[in-house]
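Colleague: I am new to reading binding sites. Could you walk me through one?

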Amino acid sequence: MRTLNNFIDGQWRPPSNATHLPDINPADTEEIVAKAPSSTAADSVMAIEAAERAYPAWRATPAPKRGQLLYRVQRRMEARRRELAEVLTREEGKTLVESAGEVQRAINVVEFYAGEGRRLLGETIPSELPNNFCYTIREPIGPLALITPWNFPVAIPIWKLAPAIACGNTVVLKPASLTPLSAGLIADIFSECDAPPGVVNIVYGSGREVGQALLTHSAMKGVSFTGSNEVGTKLYNTSAANGIKCQCEMGGKNPIVILDDADLDLATNSAVQGAYGSTGQRCTATSRAIVVDSVADQFIAQLEARVKALVVGNGLDPVTDVGPSVDQTQLDTVLNYIGVGQDEGARLITGGLRLTDDAHRCGYFVQPTIFDRVTPNMRIAQEEIFGPVLSVLRVPDAASALLAANAVRYGLCAAIYTQDVSRAFKLVDQLEAGIIHVNSPTVGGEAHIPFGGMKATGVGLREMGREAISFFTELKVVYLDYTGSARTNNLY
Ligand code: NAP
């Protein structure tokens, strides 16, 4: 069992209060996976100052050379992929196959941004002035805070870190308190790859103390946050007050829309994968199935059969389909919403209970759950549950499906199932979501493709792909007059 420390200025440093907290395996609460610092604001300041000291030299390092660090990180991650996946499963709970997929995604992201070191392009723009060369340059912002959630403890830190440092910023990562060891392995890897001290710093501790301190320090020039709306909104306000750049990716309540001509086998597979994969603990999880009446009975029957066959257990066991909730609080939230759904009059088709038999006694396991006859105003149709619970809403036609799909505050992703390309395009045009899948599940994303949501899901610029460069750089415009003699500039 490893005792982690903060990673500051290229060194592992104990927290100033010498306090560590246990990192508990949610599938087996008797296992302590690691211990991590419960740091104070003073540790945050130390990390920020390290990032600040490292910034001038890192900014001056040619971007292709910064990219070479990421190529080394990619190779180290490939070499340690099994260990990364196993740690991820032990501290977060998702199955080993899901963890391996997350690690692969992170590797792809690192590879993509390594290449971006050679493509930090600006533009040349024709000026209205004669003999004037006008162009843009992408420059780094400065030291940045990266604040990340527990549900993708490898991929999300990496998809912020890699573009941030490729663009020449230095960073302080504050990982979620529930999943510290994954971040520890990321620090190991950067250290093994000779990242200059202070370019990547990691400080552990509660968001309220450590995270807040990161945002209010004068050296901090921006924050990239992924997590809940409650915390993200606070950070957005604090960033606005301090005049720093802020990007927040937050909750979701993602629908799968199933029209009457859908391939129902495909749609059922998609609903199972989207709603119960990663125990429903994904921002992209399918949380609502909006199904046209004429095919609803058949869809529910197929879905019920599939869901009853899912094996719930420890993600390290290869037969497991669905792992545990991440901790007692998340389990209580899920069970509470199941109670709310029943009280609201939704029809429980299957699931609904915590699993407490011998095989599940030591973990936070809940049965995969389906509610039918959910109406758009019910809380289980509106609020993010973040567990293996799917709400089925029956609607008369495609127009009502669209209304129901958009009738939530969130707008991360949506899936459409139809075999009619014209109906698909019409829904694509009108669905309020940042990512839309046609005949594929709501979950997933690729390294080179932008990711993020509309409405209450996202504020700031998109993550991933080339879009992320816009957040992690400042744009500088240069007017270079090569007339060679005095001239009045008549532009306003
Ligand atoms: P969370 O409670 O908001 O925590 C996210 C991070 O913020 C953690 O590192 C947390 O630290 C930190 N934090 C908490 N309070 C803070 C404060 N006052 N100041 C600064 N930092 C603070 O979210 P979560 O429970 O970890 O993650 C689940 C949520 O993330 C869900 O809503 C999910 O939809 C969302 N999510 C969104 C996306 C997306 O791309 N849209 C992707 C993944 C997850 P502690 O761990 O110490 O509390």
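Modeller: Gladly; we will look at the surroundings of the ligand. This is a predicted model, where local features need pLDDT of at least 70, side-chain atom pairs count only at pLDDT 80 or more, and totals for chains, interfaces and linings use all residues. Residues are numbered from 1 along each chain as its sequence is written, and side-chain values use heavy atoms, leaving out hydrogens and water.

Colleague: Which residues come nearest to the ligand?

Modeller: A residue is near a molecule if one of its heavy atoms lies within 4 Å of it. Here 30 residues surround the ligand, and Thr148, Ser177, Ser228, Met250 and Glu384 come nearest.

Colleague: What kinds of residues make up this shell?

Modeller: Ala, Val, Leu, Ile, Met, Phe, Trp, Tyr, Cys and Pro count as nonpolar, Asp, Glu, Lys and Arg as charged, and the others, Gly among them, as polar. The shell holds 14 nonpolar, twelve polar and four charged residues.

Colleague: Which polar atoms lie by oxygen atoms of the ligand?

Modeller: A polar side-chain atom of Glu384 is 2.6 Å from a ligand oxygen, and one of Lys174 is 2.8 Å from a ligand oxygen. For Gly207, a backbone N or O atom lies 3.0 Å from an oxygen of the ligand.

Colleague: Where does the ligand lie relative to the domains?

Modeller: Domain bounds come from an automatic or database domain assignment. The ligand lies between domain 1 (2-250 + 457-478) and domain 2 (254-438), because both give residues to its shell.

Methods. A polar contact is a pair of N or O atoms within 3.5 Å; within protein, one must be able to donate a hydrogen and the other to accept it, and residues adjacent in sequence count only if both atoms are side-chain atoms.
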